[in-house]
Amino acid sequence: MDRELLERVAEALRRRGYEATVAENSASARAEALAEAESFSTIGWGGSESLKECGVRAALESCGKAVLDHRTDAEIFFLSANAMTEDGLIVNIDGTGNRVAASIYGPKRVVYVVGRNKIVSGGVMEAIKRAKNFASPPNCRRLNRATPCAEKGLCADCDSPDRICKVTVIFERPPTHTPTKVILVDESLGY
Ligand code: SF4
C-alpha cells in the first residue's frame, strides 16, 4: 500500500519535471545516492537526519568525497524535505536559509532523499503544518533552542529569538537551472 502511494507521488513529481525514483529501503537509497555522487567531487550537505539514518554521509566520506555543509558552490547537493504533498509539492523551512538557498541555485544537481513519513495527504497547508509540528520540535531540541515547540511538541507560531522557522519554501517545480531528483524511500526516515 505504501509502495503504491510512493509510486503515485513519484509519478506526480515526474509530471512536475523532477526525476523521481522509489527505493525499497535505506540501503537501496544509499546505493542510489552514491551512484548520483560518483562523477562529482564536492558534495553539499543539507544537514538531514534522513540522510544520516540512511548512512549516506558516512558512505560518501568513505569514498573520499569532500562533504561540505550547506554550500551553494558544491557540485551536487543532498538534502531531505520537511514535508511533501501527494501531488508533488515540496516544503522546506529554514532558520538561516542556507539549506534552501543551496537547493534552489548554485549546485549543478540537487538530490532529495525522502522517507514515506514526510508525505501528507492534504495540500500545501498540511505540509507546512507537518513541518512545524513534526519536524521543527525535534530539530529545536536537537539544536537546544528554547522554543514552545521544543517544550510542548506543537508549534505556537512563536516570537522566540530561538525560532528556527524563518524561511518557508514551497517548490512547485525544479528551479530553472537546477536539475533535481527525488529518491522516495519506502521507510520512515528522519522527522
Ligand atoms: S514557529 Fe516557533 S514554535 Fe513554531 S515550529 Fe517554529 S520554532 Fe517552533
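**Exercise 1. Pairing around strand E10**

Find which residue of E10 stands opposite Gly-115, and work out how E10 is placed among its partner strands.

Solution.
Step 1. Gly-115 stands opposite Val-185 in E10. The model in which this pair is found is a predicted one.
Step 2. Gly-115 belongs to strand E7, which covers residues 109-115. E7 and strand E10 (residues 180-185) run parallel and are joined by six bridges.
Step 3. A second pair between these strands is Val-113 with Ile-183 of E10.
Step 4. E10 also pairs with strand E1 (residues 19-23), in the parallel sense and over five bridges. Here Thr-21 has Ile-183 of E10 as its bridge partner. Ile-183 is thus named in a pair with Val-113 and in a pair with Thr-21.
Step 5. As for the general background, strands of a sheet pair through backbone hydrogen bonds, either parallel or antiparallel.

**Exercise 2. From E7 to E4, and the cover over the strands**

Determine which strand pairs with E7 over four bridges, and state how many residues of E7 are buried.

Solution.
Step 1. The strand is E4 (residues 76-79), and the pairing with E7 is parallel.
Step 2. One bridge of this pairing can be named: Ile-76 has Arg-109 of E7 as its partner.
Step 3. For burial, the cut-off is 20 or more other C-beta atoms within 10 Å of a residue's own. Six of the seven residues of E7 are buried, so by this cut-off the strand is mostly covered.
Step 4. E10 is mostly covered as well, with five of its six residues buried.
Step 5. Over the protein, 43% of the 191 residues count as buried.

**Exercise 3. The largest nonpolar core**

State how many residues the largest nonpolar core has, and list what Leu-184 touches.

Solution.
Step 1. The largest nonpolar core holds 51 residues.
Step 2. The residues with the most contacts inside this core are Phe-78, Met-84, Val-91, Val-113, Ile-183 and Leu-184.
Step 3. Leaving aside residues up to four places away in sequence, Leu-184 touches Leu-6, Val-9, Ala-10, Ala-20, Val-22, Ala-23 and Val-114.
Step 4. For the protein, take contacts between residues at least 6 apart in sequence: 77% of them join residues at least 24 apart.

**Exercise 4. A sheet of four strands**

Give the strand order of the open sheet of four strands, and explain why E8 and E9 each have one side without a neighbour in the sheet.

Solution.
Step 1. The order is E8-E5-E6-E9, and the pairing is mixed.
Step 2. Strand E8 (119-120) and strand E9 (167-171) are at the edges; each has a single partner strand, and therefore one side of each has no neighbour in the sheet.
Step 3. Take the pairing of E8 with strand E5 (residues 83-85): the sense is parallel and there are two bridges.
Step 4. In one of these bridges, Thr-85 has Val-120 of E8 as its partner.

**Exercise 5. The shell around the ligand**

Count the residues that surround the ligand, sort them by type, and find which helix gives the most.

Solution.
Step 1. The ligand is surrounded by 14 residues. The closest are Ser-136, Cys-149, Cys-155, Cys-158 and Cys-165.
Step 2. By type, the shell divides into eight nonpolar, three polar and three charged residues.
Step 3. Helix H6 (124-142) and helix H7 (148-152) each supply at least two residues of the shell. H6 gives the most, with three.

**Exercise 6. Three loop residues**

Place Asn-144, Asp-157 and Ser-160 in their loops, and decide for each whether it is exposed or partly exposed.

Solution.
Step 1. Asn-144 lies in the loop between H6 and H7. Asp-157 lies in the loop between H7 and E9, and Ser-160 is also in the loop between H7 and E9.
Step 2. A residue is exposed at 12 or fewer C-beta neighbours within 10 Å, and buried at 20 or more.
Step 3. Asn-144 has 8 such neighbours, so this residue is exposed. Asp-157 has 9 and therefore counts as exposed. Ser-160 has 15, so this residue counts as partly exposed.
Step 4. Check the backbone. Phi is near 55° for Asn-144, a positive value in a residue other than glycine. For Asp-157 phi is near 45°, again positive and not in a glycine.
Step 5. Ser-160 and Asn-144 are 16 residues apart along the chain, and their C-alpha atoms are separated by 13 Å. Not counting residues up to four places away in sequence, Ser-160 touches Ala-146 and Thr-147.

Notes. Residues are numbered from 1 along each chain as its sequence is written. This is a predicted model: local features need pLDDT of at least 70, side-chain atom pairs count only at pLDDT 80 or more; totals for chains, interfaces and linings use all residues. A residue is near a molecule or strand if its C-beta atom, placed from the backbone, lies within 6 Å of it. Ala, Val, Leu, Ile, Met, Phe, Trp, Tyr, Cys and Pro count as nonpolar, Asp, Glu, Lys and Arg as charged, and the others, Gly among them, as polar. Two strands pair if DSSP finds at least two bridges between them. Two residues are in contact if their C-beta atoms, placed from the backbone, lie within 7 Å. A nonpolar core is a set of buried Ala, Val, Leu, Ile, Met, Phe, Trp, Tyr and Cys residues joined through C-beta atoms within 7 Å.
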